[in-house]
Amino acid sequence: MAGPVPELEDRARECAERLCAADRVLLASHIDADGLTSAAIAAQALERAAIPFETVFEKQLDEDAIAAIAATDYDTVLFTDFGSGQLDVIGKYEDAGDFTPIIADHHQPADRDTEYHLNPLLVGINGASELSGAGASYVLARALADVSDSSPAAATDGGAVADPAGTTARADNRDLAALAVVGAVGDMQAAGGELHGANEAIVAEGVEAGVLETGKDLALYGKQTRPLPKLLEYATDVHIPGVSNDTNGALRFLDGLDLELKRDGEWRRWADLSGEEKQTVASALVRKAVSSGVPAAKIDELVGTAYVLSEEPVGTELRDASEFSTLLNATARYERADVGLGVCLGNRDGALERARQLLADHRRNLSNGIDLVTREGTTEEAHVQWFDAGDEIRETIVGIVAGMAMGNQGISRSKPIIAFAAKNDDELKVSARGTHSLVRQGLDLSVVMGEASRAVGGDGGGHDVAAGATIPSEQKGGFVKHADELVGEQLS
Ligand SMILES: [Mn+2]
């Protein structure tokens with residue numbers, strides 16, 4: 001049976017055969033939306049193949065985490081959404097006979113290889129935009145269904161099935177494509193509005209299996225769960241004057257459309273609208289953008305490909321890949337991987353309620369953080385501005401807060417913003433955010449964070465527009481000075 005990504009087929013089969021030969025498997029995965037969906041896909045595939053397993057999650061697969069894994073009784077360890085970049089360390093334990101690693105990852109491999117290694121970068125597929133960790137895990141899951149003989153329908157080749165999402169899709173694990181798409185979307189691989197490359201092949205399998213629907217739709221976040229006015233008000237990727245960030249403006253815009261906005265006293269949501277009603281809103285929104293002078297290229301971004309999980313109830317986060325991944329990230333950010341995994345595995349009562357609570361808490365934390373930064377303001381240097389949140393804002397969200405606060409009263413968008421938060425007793429977490437306009441002028445925060453942190457005995461990196469570092473607490477002043485100089489050189 002051909003898998004969704006032919007280039008990875010041989011590797012996937014070798015990994016799957018090795019898993020089938022194991023008495024039991026330790027499944028280790030990263031804690032984020034992609035890592036959680038990777039684990040959920042692998043867990044279901046192992047279970048269906050009747051391979052006993054246990055799951056552990058790590059925020060970072062560092063030396064200590066790998067040592068702890070090696071110290072368990074497991075002889076076979078399946079790493080998902082990490083492992084490739086840590087092969088130098090993992091390899092030492094492999095050499096010592098502690099365990100056999102099997103890796104399904106999409107990050108840059110370290111300078112060492114291993115026998116059971118499934119990674120798009122090894123076969124010329126882009127791991128940042130064409131296949132996620134969940135995608136790699138899905139490729140493995142498909143191969144596992146194929147090689148494991150405990151799956152009764154694996155011997156048939158599909159054929160005529162009345163219920164496409166039924167037993168055949170389960171038997172060959174194609175139903176897991178929906179989670180693979182949530183992982184890819186969570187890893188920002190749908191940048192530009194849609195998924196590409198190997199991801200597209202996975203989407204096609206999900207559609208065929210009856211678990212996914214795709215189509216052009218408004219590219220706003222919250223189509224399933226947000227009341228219509230909030231959907232428009234909170235959508236700020238494409239700024240539409242008089243609607244975005246404008247409570248009354250969004251209401252006035254909708255009022256002018258001659259649309260049934262409420263039903264039974266409740267605001268309707270995008271997902272509740274008929275095709276015709278959606279068309280009415282979308283056209284009016286585009287007209288409003290045009291008349292407000294929004295550039296054509298930005299207006300194009302208002303429409304994108306929506307990935308709908310067709311088996312999930314309408315009006316829930318789980319039905320929209322983007323909302324689903326946001327929910328998972330909220331569980332990950334507060335180190336509740338158990339909750340995120342539970343949601344992925346279909347726990348619709350306890351886990352889903354808990355995840356919603358974590359997301360609500362997360363939003364409140366963000367909004368409190370933004371209020372705090374806006375109230376206290378930033379310290380301006382020649383080329384950067386900064387603030388120290390101490391332990392008032394969690395280090396896991398301080399970067400998002402910094403980015404969202406930019407442009408608020410007193411917080412300039414013409415200088416990058418650097419945020420400090422306590423990481424532990426002697427280290428600070430540093431998060432830096434810029435704007436796309438500053439990047440066009442030469443800003444590269446990945447270089448700034450890397451060089452300035454290493455100059456004071458820390459380490460860091462990231463992307464041009466958003467980057468981070470960890471530094472010794474007493475080095476804050478020196479770090480700011482270095483960063484300010486570096487940004488000055490980049491923008492000169
Ligand atoms: Mn990933």
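Between which two helices does the loop that holds Asn245 lie? Asn245 is placed in the loop between α9 (228-233) and α10 (247-255), and this briefing returns to that residue below, after an outline of the whole chain. The model is a predicted one, and the protein chain is assigned three parts, namely domain 1 (6-211), domain 2 (215-334) and domain 3 (377-491). Taken over C-alpha atoms, the centres of domain 2 and domain 3 are separated by 32 Å.

**The annotated span**

- UniProt, in an unreviewed entry, lists residues 25-140 as "domain: DDH".
- Within residues 25-140 the model is 35% helix and 22% strand, and the end C-alpha atoms of this span lie 14 Å apart.

**The parallel sheet**

- Five strands, in the order β2-β1-β3-β4-β5, make up an open sheet in which the pairing is parallel.
- At the edges stand β2 (53-58) and β5 (116-118), each of which pairs on one side only, and from one strand to the next the twist averages 20 degrees.
- Strand β3 (residues 76-80) pairs with strand β1 (residues 25-30) in the parallel sense over four bridges, while five bridges join β3 to strand β4 (residues 100-104), again running parallel.
- Phe79 of β3 can be followed across both of these pairings, since Ala28 stands opposite Phe79 and the bridge partner of Phe79 in β4 is Ile103.
- In a regular strand the side chains alternate between the two faces of the sheet.
- In β3 both faces are covered, with Thr76, Leu78 and Thr80 buried on one side and Val77 and Phe79 buried on the other, so that five of the five residues of β3 are buried.

**Residues with positive phi**

- Most residues other than glycine have a negative phi, and the three residues described next depart from that pattern with positive values.
- Asp81, found in the loop between β3 and α4 (87-95), has a phi near 65 degrees.
- Asp81 counts as buried because 33 other C-beta atoms lie within 10 Å, where 20 or more are needed for that label.
- Asn245, in the loop between α9 and α10, has a phi near 60 degrees, which is positive in a residue other than glycine.
- Asn245 has 15 C-beta neighbours inside 10 Å and therefore counts as partly exposed, a label that falls between the limit of 12 or fewer for exposed residues and that of 20 or more for buried ones.
- Glu335, which follows α13, has a positive phi near 55 degrees.

**Helices α10 and α13**

- In α10, the residues Ala250, Phe253 and Leu254 are buried, and because they cover an arc of only 95 degrees around the axis, they are on the same side of α10.
- On the other side of α10, Asn248 and Asp255 are exposed.
- An α-helix has 3.6 residues a turn, so residues three or four places apart point the same way.
- Helix α13 (residues 321-333) has 13 residues, which at 1.5 Å a residue should span 18 Å, and its end C-alpha atoms are 18 Å apart, so the expected and the modelled values agree.
- Helix α13 is mostly covered, as 13 of its 13 residues are buried.

**A loop residue before α9**

- Gln224 lies in the loop between β6 (212-218) and α9, and since it has 25 C-beta neighbours inside 10 Å, Gln224 counts as buried.
- Although Gln224 and Leu212 are twelve residues apart in sequence, the distance between them is 15 Å from C-alpha to C-alpha.

**An antiparallel hairpin**

- Strand β14 (residues 459-462) and strand β15 (residues 466-472) pair in the antiparallel sense over four bridges.
- These strands, β14 and β15, form a hairpin with three residues between them, and the bridge partner of Gly461 in β15 is Gly468.

How values were computed: Residues are numbered from 1 along each chain as its sequence is written. This is a predicted model: local features need pLDDT of at least 70, side-chain atom pairs count only at pLDDT 80 or more; totals for chains, interfaces and linings use all residues. Two strands pair if DSSP finds at least two bridges between them. Axes are lines fitted to C-alpha atoms, for helices over the stretch in contact, and angles run from 0 to 180 degrees between N-to-C directions. The expected span of a helix is 1.5 Å times one less than its number of residues. UniProt positions are given in the numbering used here, feature names are shortened, and annotations may be inferred rather than shown by experiment. Domain bounds come from an automatic or database domain assignment. The arc is that of the directions from the helix axis to the C-beta atoms.
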